[in-house]
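Subject: Handing over a structure

Hi,

Here is the structure I promised to pass on to you. Have a look at it first, and then read my notes underneath.

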Amino acid sequence: MKKNAPKISEYHLHKLHPEKLQFQIHDLHSYFEKNKIHASEPHSHSYYQILWFFKEGGQHFVDFNGYPIKENSVFFIAKNQIHYFENERSYEGILIHFNESFLMQSDVDIFLKYNVFNNQGKPCYCINESIKTTANSYIQLIKKELLQKMAFGHAQIVRYLLKSLLIVFERAHQEHSTETLTFTNHYALQYLQFRELLEQHFSKGCGVKEYASALNISSKTLTTITNTIVAKSPSVLIAERIILEAKRLLSFTTLHSNEIAYRLGFEDASYFVKYFKRYTQKSPGAYREMASRSK
């Protein structure tokens, strides 16, 4: 784990140019060599990222863990997730960036964002030769389409090819997973919509009632949905998201506890300390010290 900085560097894709295609694809080797200094320090993005490593070697770090890079490992880095590369390595592969706005808001898109990229503890897996061949064919089509910027329907074709690529990767994931979450399940869709709202508002101090109201359902129904899908109450999921962000800020920045508290929507910094300790059995200071020792 890397040394703390005053804040986590956050990078954006075409933030000042919304008229540009909100999508990029890069050769991983060239991109890393050009951006090695920044890429090898803990950072986050306001966009989504897919990393496809062609060859085995080293680790890639996502949040608090290092994951071994195996042949044809694919990593899915969500918006706001912290990650970084090893500095003294050379990589071969593909790197894809896209903004949330590039996907539409259909049921499939919500599923892709909050299942494929909702991956704390398991941000990567390996693809077999069959999936590799199919995925590579979509990537070649994307590269070909990117050369036709002025052609009719250019952005739509890139969008649909990206969506197809993500679906292919998700099929590979489901082959090795015991999870049954699908976008054809009504409860699952409502759960994913809740996760989308949670990601947008977790730092605003919203409670279960506010999230249920935003979904036009009762708190009781929301509790039934989350218990059915992930065997957790909505209040626990809200707390987990807040604690995750607190751990990121304690591990990767030098922000004081009171600064972190206000950033996460706590008006009383002392209550944040109690809240954090309730869910982690450690004070923010003790957690930071433990994280520092593990670096």
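Below is what was found, starting with one strand and moving on to one helix.

This is a predicted model, in which local features need pLDDT of at least 70, side-chain atom pairs count only at pLDDT 80 or more, and totals for chains, interfaces and linings use all residues. Residues are numbered from 1 along each chain as its sequence is written, and side-chain values use heavy atoms, with hydrogens and water left out.

Strand β4 covers residues 48-53, and 6 of its 6 residues are buried, so the rest of the structure largely encloses it. (Buried means under 20% relative accessible area and exposed over 50%, with partly exposed in between, using a 1.4 Å probe and protein chains only; strands are DSSP E runs of at least two residues and helices H or I runs of at least four, numbered from the N terminus.) Y48, I50 and W52 lie on one side of β4, with Q49, L51 and F53 on the other.

β4 pairs antiparallel with β9 (residues 93-98) over 6 bridges, where pairing takes at least two DSSP bridges. Q49 has H97 as its bridge partner there. Antiparallel β7 (residues 73-77) is joined to β4 by 5 bridges, and L51 faces F75 in β7.

In helix α1, L28, F32 and A39 are buried, whereas K34 and I37 on the other side are exposed. The buried residues of α1 pack against β2, β3, β4, β8 and β9, with contact meaning heavy atoms within 4.5 Å.

Enjoy exploring!
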